[in-house]
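Visitor: I would like to take a close look at one part of this model, and then to follow how that part sits among its surroundings. Please go slowly and give the details.

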Amino acid sequence: MHELIERELYEALEYARGIDEEQGKRILIQFEIDQPMFSSTLFNVFPSIIGDQSGEAKYQNLAQYFADLCFDALCVYTKTFGKMPKFEDNTSWMESQAMLLDKELAPLLASSKINDKAAKKMREDFFKPKDGEFIQTGLVQFLNESIDEFAKESDENYHDSMLDLSKTMLFVVVRMFNNLYTPIAAV
């Protein structure tokens, strides 16, 4: 695993955006077979967190766009780093990811109850690469810019907090893909 250079990222994103509906379905089905819990997390759990916020219909659109960006990330990783590890190779992988995320996200979520300086430090620590971890900076930047562009082009008035939540969750998605392709980084 390595950090994607600009050309690699561009080619992988071009591949992702060029996939037709039938090929996209096959990719999603294979992902669900290879990593059923990860697939469910990306395409059901995470979008429902966004879509169910405040019960407003506009967040369903943001949730769908989030899922589309998760599909782009899936395609980037499979195009660049090859066949995805299968669930049966490590049945506890998703559980270890949940424990890792809980450990990292719990203080971040509690940051509303502490002073601004400490909260800022927690956010910075969350987004810093861990030992031996590659942050796919270009991919994360593309995903963040995509969320901003979606919000800008939309007639809806999305709350900044929801856009930030979507970006944070996309960062988590990228980190999870990194961990999937680099098992030693899991926990």
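Visitor: Is Cys 70 buried or exposed, and what is its relative accessibility?

Guide: In this predicted model, Cys 70 counts as buried because its relative accessibility is 0%. Cys 75 is likewise assigned a relative accessibility of 0%, and so it too counts as buried. Neither cysteine takes part in a disulfide, since the structure holds zero of them, a disulfide being a pair of cysteine sulfur atoms within 2.5 Å.

To place the two cysteines, it helps to begin with the chain as a whole. The chain has 187 residues, of which 43% count as buried, and its secondary structure consists of eight helices and zero strands, so that, read from the N terminus, the elements run α-α-α-α-α-α-α-α. Among contacts with a sequence separation of 6 or more, 78% join residues that lie 24 or more positions apart.

The largest nonpolar core has 47 residues, and those with the most contacts inside it are Leu 42, Phe 46, Leu 62, Phe 66, Val 173 and Phe 177. At least two residues of this core come from each of H1, H2, H3, H4, H7 (137-153) and H8, and the largest share, 14 residues, is supplied by H4. Nonpolar side chains in soluble globular proteins tend to be buried together. Phe 66 gives a detailed view of the packing: leaving aside residues up to four places away in sequence, Phe 66 touches Leu 42, Phe 46, Pro 47 and Ile 50, and also Ser 166, Met 169, Leu 170 and Val 173.

Helix H8 deserves attention next. H8 has 22 residues, and the distance from its first C-alpha to its last is 32 Å, close to the 32 Å expected at 1.5 Å a residue. Of those 22 residues, 18 are buried, so H8 is largely enclosed by the rest of the structure. Two of its residues illustrate this setting. Phe 171 belongs to H8 and is buried, with a relative accessible area of 5%; the C-alpha atoms of Phe 171 and Ile 135 are 9.0 Å apart in space, although the two residues are 36 apart in sequence. Asn 178 is also found in H8, and at 3% relative accessibility Asn 178 counts as buried. Apart from residues up to four places away in sequence, Asn 178 touches Met 1, Tyr 77, Phe 134, Ile 135 and Gln 136, so Ile 135 appears both as a contact of Asn 178 and in the C-alpha pair with Phe 171.

Helix H7 has 17 residues and reaches 24 Å from its first C-alpha to its last, close to the 24 Å expected at 1.5 Å a residue. The buried residues of H7 are Leu 139, Val 140, Leu 143, Ser 146, Ile 147, Phe 150 and Ala 151, and they cover an arc of only 130° around the axis, which puts them on the same side of the helix. An α-helix has 3.6 residues a turn, so residues three or four places apart point the same way. The buried residues of H7 pack against H1, H4 and H8, whereas Lys 152 and Glu 153, on the other side of H7, are exposed. In the loop between H7 and H8 lies Asn 157, which counts as exposed at 62% relative accessibility; Asn 157 and Lys 58 are 99 residues apart in sequence and 8.5 Å apart in space, C-alpha to C-alpha.

Helix H2 offers a further example of a helix with a buried face. The 14 residues of H2 (residues 21-34) should span 20 Å at 1.5 Å a residue, and the end C-alpha atoms are indeed 20 Å apart. Within H2, Gly 24, Ile 27, Phe 31 and Asp 34 are buried, and, seen down the axis, the buried residues of H2 fall within an arc of 95°, so they line one face of the helix. What covers these buried residues includes helix H1 (6-17), helix H3 (36-51), helix H4 (58-81) and helix H8 (160-181), while the face turned away from the buried side carries the exposed residues Glu 21, Arg 26 and Ile 33. At the start of H2, a side-chain oxygen of Asp 20 comes to within 3.2 Å of the backbone nitrogen of Glu 22.

Conventions
Residues numbered from 1 in each chain as written. Predicted model: local features only at pLDDT ≥ 70, side-chain atom pairs only at ≥ 80, totals over all residues. Heavy atoms only, no water. Buried < 20%, exposed > 50% of the residue type's maximum accessible area, 1.4 Å probe, protein only. Helix = DSSP H or I, 4+ residues; strand = E, 2+ residues; numbered from the N terminus. Expected span 1.5 Å × (residues − 1). Arc of directions from axis to C-beta. Contact = heavy atoms within 4.5 Å. Polar contact = N/O pair within 3.5 Å; in protein donor to acceptor, adjacent residues only side chain to side chain. Core = buried A, V, L, I, M, F, W, Y, C linked by side-chain atoms within 4.5 Å.
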